[in-house]
2 protein chains.
Amino acid sequence: MTTNLCGLHFFGHQWQGKEAGFARVNPQTNEQLPERFAEADADDVDAAARAASEAFWAYQQKSDAERAAFLDAIASELEKDAGQIVPMAMLESGLPEARIRGELGRTAGQLRLFATVLNAPYDPLLMDDANPERTPLPKPELRLGQLPLGVVAVFGASNFPLAFSTGGGDTASALAAGCTVIVKGHPAHPGTSELVSRAIARAIDQCAMPKGLFSLLQGKAPALSVALVEHPLVKAVGFTGSLKVGRILADRCALRPEPIPFYGELGSVNPQLILPGKLARDFGELASLQVNSMMMGHGQFCTSPGLIITQKGPGLDAYIAALAENVSAQRAAPMLSGGICAAFNHAVEAMLPEMEIIAQGQAASAAHQSRPLLAKISAANIMQKPALLEEIFGPFALVVVCDSQEELVELINALPGQLTASIHGLLEEVEAYAALISRLSFKVGRIMFNQMPTGVEVARAMNHGGPYPASTDSRSTSVGTEAMKRFVRPICYQNMPEVLLPSALRSDSSRLKRF
Amino acid sequence: MTTNLCGLHFFGHQWQGKEAGFARVNPQTNEQLPERFAEADADDVDAAARAASEAFWAYQQKSDAERAAFLDAIASELEKDAGQIVPMAMLESGLPEARIRGELGRTAGQLRLFATVLNAPYDPLLMDDANPERTPLPKPELRLGQLPLGVVAVFGASNFPLAFSTGGGDTASALAAGCTVIVKGHPAHPGTSELVSRAIARAIDQCAMPKGLFSLLQGKAPALSVALVEHPLVKAVGFTGSLKVGRILADRCALRPEPIPFYGELGSVNPQLILPGKLARDFGELASLQVNSMMMGHGQFCTSPGLIITQKGPGLDAYIAALAENVSAQRAAPMLSGGICAAFNHAVEAMLPEMEIIAQGQAASAAHQSRPLLAKISAANIMQKPALLEEIFGPFALVVVCDSQEELVELINALPGQLTASIHGLLEEVEAYAALISRLSFKVGRIMFNQMPTGVEVARAMNHGGPYPASTDSRSTSVGTEAMKRFVRPICYQNMPEVLLPSALRSDSSRLKRF
């Protein structure tokens, strides 16, 4: 690697911090890399929060068009540095070049999509006209606007070092909303975080945005995360990661003297419901789609399809045979970190006695690799052991076989909250399952037909979230342009002079919907 | 009182429960009333939650038009029973007939307004069209819909026995959203809750709505409230009441195995910022508006203006003299309950050493009455004692005098979250205060110009909430039609056959906004 890293934090628009803290590992070789990165302490958090809060007052005054231009500038600066960012992210995540290039494109693309929506917002802004003649009391004039929440803390995810990290969806949506951002970089890819932060810093300069609006804090210690979400100037949190850590931080946010919103996207098993007609006709294609999807990023997508729900009947044996053939051909591979790999192997080992192995991938050639696994269990058994419905992060899926329609209904009702579910069916058979599919929809943030859940489209109508424990707040999405609504709140302007109103709420605004 | 009360709970569409629990007091006389009401226990909560959850699956399938007709039916049934409900609410709250009649009208009106919005929704529904030709990956078709959360627990407020209680805004908005409701009736007005529940029960029958969709649990014990918000089948909570109780329940909701949204509307001091030009010109009118507003419901409105922010200058002495004259003419009166009265007297007594009394109302003739009070303090003093910025629920207001513009800015920045703030100014002077007013807007849920905060309009563009501690969730309103959004969450339908889509999301729907 030829890129020079400073290994510091970025706040108050300066690189600063004590040097020589933690190191990180090359996931491909499982060997420690030479650079060291500063470990942020409570003083750094405080300094970053003060700078971000100061910058907030200036940033929230910027127009939608100015914020849009800023997001576009970040996208361009990221693309300009692709030559540095891509190899660094590959090195730190162990992910292949095509995947990281695609992820950089996605990251730039989502920044630009937020800019597009800022330039052409489609939500009506509600206004009630005054009625001074109304009895017994006159009706006041009301206009409903929104305000950004303030400083947002963002926790980068390990599995998407660009799209769900330093300059990823949480940062983009918070900046689009008019909030300033402090990123707690993921300790597995601090070099990538530093390079992305440099690009953002240049965009701040170019657009003459308030210095301090973006900060990066590097660190590994849990105390840093707690200090950040508990800082009084931090007003909301975006998080992508594990249920365990997400829940700890969510509880901390809820119990602050001033509770704040915590948006944790935590993952799930993403059930694949296969209807009998489809199974009988398309078992081979279904098996191939399933294994391709579960092997994306070596199973380390939060939408990885980890639970396949089937019924006894024609095609089932052939489907399982096809799954086995596909899985057997898969290679073992390193995971995003040694810790994730150890957790995967441990979870699989703990569950194996409860399940029947269908197939395993090729054997691992090193301890930091994980071996793909497909297993089977009856619906009756899994409902007695709800822990088996929890996510195992990695290249694993469990086929559940239902003996009857009643058992299928019971199983769907027993599912915990999910990011997604897929229905695989023939058009002519779905109506018979409409009630069941409706029930399933109440368990998920996104439901799809004859498509796989991996590859979350960044779009206006996306929802990436879902009932707990898939996310900590089912009322929100972490992907797509609606994600910016997480970081604003309503305010009513009553009888306000035009000069005191935001421009979008003035009487000549085309967004006003009057009643 | 001639109305026969059964004193029981209502759940599973039946009146049930063990009799002879708690009694309530006539606030006017401070004497106990004869009837006794059942005290719900954990078994009652469980039975109500099961019934409400069962009913939810049927109710969520009803169309918007069916839900609208149901809300209209509740409104009509409430009006039909005005002859019973009005005297009962007067008896139990001590509020005068005109006020209670107005409140019944408001309660029916808001049910009908939700029905209007269900019949003519104005939010666009987002849809991304598929693009199978896109490279490297085809774009899937996405439609963003919403689902009701499930069973909602509603806590009635003491100060609005109709509009913020059993059939009030929280119940109306949850029913409009497609949720079923369990009301924990306020123990100060159980008779009113029973009568309102009877009207709702008749509307359920008339509209052939699922039995069990509405429950009333009577009770006084804190354990009942905790059991209700912790029940696994309860998926959201609407609450209007004190910061102390609201915070306890909010924390319980956050720490459940499955955390759920808690919408607590808790109250505030509602600052009145008086600009110098307005003060000099309109001091007399300002004083009269202030005292009228703070005396509404004997100061027991959550929007009661309890903090008046002024600057030294022309008109201040005359304003204070006019306030004094107005306040001196006010009568002492009973409060909503003996407990509220004792809390008011205690809080005033504790604060008095810190303040200078401007005027008191007429002396109380009984211990359960409270005497209006207006006091004064310097900005420098109050900023050293932030406890003085907390709400005193009752007929009290504090005039804060700033020595300088700098002190004014400091004071605004020191304010905790508020439901509302008012700016009283001349049009020609507001621009000079635009930056300060902008800062103030970040502290409040509603900001208004030359109007008083009491009398929260039920409308589309209303926001009744605000930053903590005014509410527990500044992202939501408890008044106005946007309140129903508290009880739904998004879901994305990807590539779904039309037959599996809600009608509003089908391709022929006029609400779709396609991209």
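## Two chains, shared sheets

Across the interface of chain A and chain B there are 38 residue pairs in polar contact, both partners at pLDDT 80 or more.

Student: Which elements does chain A bring to that side?

Tutor: Those giving two or more residues include helix 1 (42–59), helix 8 (243–255), helix 15 (434–441), strand 20 (444–449) and strand 21 (488–494) of chain A. Strand 21 of chain A gives the most, with seven residues. Keep in mind that this is a predicted model.

Student: What makes up that side of chain A by class?

Tutor: The count is 42 nonpolar, 10 polar and 21 charged residues. The contact takes 73 residues from chain A and 73 residues from chain B. About 6,300 Å² is buried between the two chains, and carbon and sulfur atoms give 64% of that. A:Phe442, A:Ala461 and A:Arg475 supply 12% of the area that chain A buries against chain B, more than any other three residues.

Student: Why is the pair A:Glu457 and B:Arg134 called a salt bridge?

Tutor: Set the distance against the cut-off. A side-chain nitrogen of Lys or Arg has to be within 4 Å of a carboxyl oxygen of Asp or Glu. Here the N to O distance is 2.6 Å, and the partners are a Glu and an Arg, so the pair qualifies. The rule finds four salt bridges across the interface of chain A and chain B, while the structure holds 62 over all chains.

Student: What about A:Arg99 and A:Glu103: why does that pair count, and how many residues apart are they?

Tutor: Their side chains meet at 2.8 Å, N to O, which is within 4 Å, so the pair counts as a salt bridge. They are four residues apart in helix 4 (residues 97–119) of chain A, so about one helical turn separates them.

Student: How do you know that strand 20 of chain A pairs with strand 21 of chain B?

Tutor: Count the bridges. Pairing needs at least two, and three join these strands, so they pair. The two strands run parallel. In that stretch, A:Arg446 stands opposite B:Cys492 in strand 21 of chain B.

Student: What makes the sheet a shared one?

Tutor: Read the strand order: 15(A)-17(A)-18(A)-13(A)-12(A)-19(A)-20(A)-21(B)-6(B)-5(B)-22(B). Those 11 strands form an open sheet with mixed pairing, and the letters show strands of chain A and chain B.

Student: Why are strand 15 of chain A and strand 22 of chain B called edge strands?

Tutor: Each has a single partner strand, so one side of each is left without a neighbour in the sheet. The twist averages 25° from one strand to the next.

Student: How do you know that strand 15 of chain A and its partner, strand 17 (residues 373–378), are paired?

Tutor: Four bridges join them, against the required at least two, so they pair, and they run antiparallel. A:Ile357 stands opposite A:Ala375 there. On the sheet, helix 10 (residues 316–328) of chain A touches strand 15 and strand 17, among others, and its direction makes about 45° with that of strand 15 of chain A. Helix 15 of chain A also packs on the sheet, touching strands of chain A together with strand 6 and strand 21 of chain B.

Student: What makes strand 13 and strand 18 of chain B a pair?

Tutor: There are five bridges between them where at least two are needed, so they count as a pair, in the parallel sense. B:Ile309 stands opposite B:Val400. Both strands belong to an open sheet of 11 strands that runs from 22(A) to 15(B).

Terms used
Residues numbered from 1 in each chain as written. Chains lettered and ligands numbered in written order. Predicted model: local features only at pLDDT ≥ 70, side-chain atom pairs only at ≥ 80, totals over all residues. Heavy atoms only, no water. Contact = heavy atoms within 4.5 Å. Buried area = accessible area lost by both parts, 1.4 Å probe. Polar contact = N/O pair within 3.5 Å; in protein donor to acceptor, adjacent residues only side chain to side chain. Nonpolar A, V, L, I, M, F, W, Y, C, P; charged D, E, K, R; others polar. Axes fitted to C-alpha atoms, helices over the stretch in contact; angles between N-to-C directions.
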